[in-house]
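Please open the model in a viewer and keep the selection panel at hand. The stops below proceed from one selection to the next.

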Amino acid sequence: MSTSAADMDALHTRADAAAQSAYAPYSRLHVGAALRSASGRIYTGCNVENASFSIGGCAERAAIAAAVQAEGQAFRLDAIAVAAFRDDGLALPITPCGACRQALVEFGADAQVGFRQPDGTWLTVSADALLPYRFCFPDR
Ligand code: THU
């Protein structure tokens, strides 16, 4: 199942909503992600921090974990949107971090990845384009 522009818009809305659940008292960056699996179902995630800053969790990988838990080995990623907000509610442009990019290509190198640009409009690119020269097991 492919993801239309209307489906992508729905993911933008769901990512914005998911960011409201973020637990981000340290960075104060509230991140939400909403993904659409190949089955057409939508899963969301938010960032969850803790006092040991480096081991907090990103929104994208939280959404992926929810999808894998629900769909198991069959899960394939069709599209994901990621949104970020400041404490005062201002939308900020972000792109997925490096670790999340590796997780995105694991489940869908051709997946569409949407994020806000500095002018507030959404841009969609492929997961593949976000992580050239990525790590792959050389013998698999
Ligand atoms: N964050 C995400 O949730 N996704 C990303 O792709 C980049 C960063 C979160 C992690 C941390 O809670 C906060 O944003 C600042 O790095």
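Begin with helix α3, whose buried residues pack against α2, β3, β5 and α4. The model is a predicted one. Select C100, R101, A103, L104 and V105 to display the buried residues of α3.

**The nonpolar cores**

Next, turn to the largest nonpolar core, which has 23 residues. Within this core, L35, L77, I80, L104 and V113 touch the most other members. Colour the elements β1 (29-37), α2, β3, α3, β5 (112-116) and α4 (127-130), each of which gives two or more residues to the core.

Centre the view on I80. Neighbours within four places in sequence left aside, the residues that I80 touches include M8, L11, A33, A34, L35 and E60. L104, Q112, V113 and G114 are also among the contacts of I80. Another core, of nine residues, lies apart from the largest one; M8, A19, A34 and A79 are among its members.

**The segment before α1**

Select T3, which is found in the segment before α1 (5-19). Is T3 buried or exposed? With a relative accessible area of 8%, T3 is buried. Beyond residues up to four places away in sequence, T3 touches M8, R36, D78, A79 and Q112.

**Around the ligand**

Now display the ligand together with the residues around it: S27, L29, V31, N47, E49, C58, A59, E60, T95, P96 and C97. Three distances deserve a label here. An N or O atom in the side chain of E49 is 2.5 Å from an oxygen atom of the ligand. In the side chain of E60, an N or O atom lies 2.6 Å from a ligand oxygen atom. At A59, a polar backbone atom is 2.9 Å from an oxygen atom of the ligand.

**Cysteines**

C58, one of the residues around the ligand, leads to the next selection. How many disulfides does a search of the whole structure find? The search finds zero. A disulfide is a covalent bond between the sulfur atoms of two cysteines.

Measure from the sulfur of C58 to that of C100, the closest cysteine sulfur: the distance is 3.8 Å, too far for a bond, since the cut-off is 2.5 Å. C58 is partly exposed, at 25% relative accessibility. Then select C46, whose sulfur is 11 Å from the closest cysteine sulfur, in C58, and is likewise too far for a bond. C46 counts as buried, at 15% relative accessibility.

**Aromatic pairs**

Show the aromatic side chains next; a search of the whole structure finds three aromatic pairs. One of them joins F75 and F107 in a tilted arrangement, with 5.2 Å centre to centre and 40 degrees between the planes. F75 lies in the loop between α2 (59-71) and β3 (77-86), and F107 is in helix α3 (residues 98-107), so this pair ties together parts that are 32 residues apart in sequence. F75 is buried, at 1% relative accessibility.

Move on to F135 and F137. Their ring centres are 5.4 Å apart and their planes stand at 65 degrees, so the pair is edge-to-face. F135 counts as exposed, at 53% relative accessibility, whereas F137, at 46%, counts as partly exposed.

**Backbone with positive phi**

Most residues other than glycine have a negative phi. Select R28, where phi is near 60 degrees, a positive value in a residue other than glycine. R28 is placed in the loop between α1 and β1. Its relative accessible area is 48%, so R28 is partly exposed.

Y133 has a positive phi of about 55 degrees and is not a glycine. Y133 lies in the segment after α4. This residue is exposed, with a relative accessible area of 88%.

**Last stop: L131**

Finally, select L131, which lies in the segment after α4. L131 counts as buried, at 16% relative accessibility. Which residues is L131 in contact with, leaving aside its neighbours within four places in sequence? They are R101, Q102 and V105. R101 and V105 are among the buried residues of α3, the helix at which the tour began. To finish, draw a line between the C-alpha atoms of L131 and D119: these residues are 12 residues apart along the chain, and the two atoms are separated by 23 Å.

Key. Residues numbered from 1 in each chain as written. Predicted model: local features only at pLDDT ≥ 70, side-chain atom pairs only at ≥ 80, totals over all residues. Heavy atoms only, no water. Phe/Tyr/Trp six-rings, centres within 6.5 Å; stacked < 30°, edge-to-face > 60°. Helix = DSSP H or I, 4+ residues; strand = E, 2+ residues; numbered from the N terminus. Buried < 20%, exposed > 50% of the residue type's maximum accessible area, 1.4 Å probe, protein only. Core = buried A, V, L, I, M, F, W, Y, C linked by side-chain atoms within 4.5 Å. Contact = heavy atoms within 4.5 Å. Near = heavy atom within 4 Å. Polar contact = N/O pair within 3.5 Å; in protein donor to acceptor, adjacent residues only side chain to side chain.
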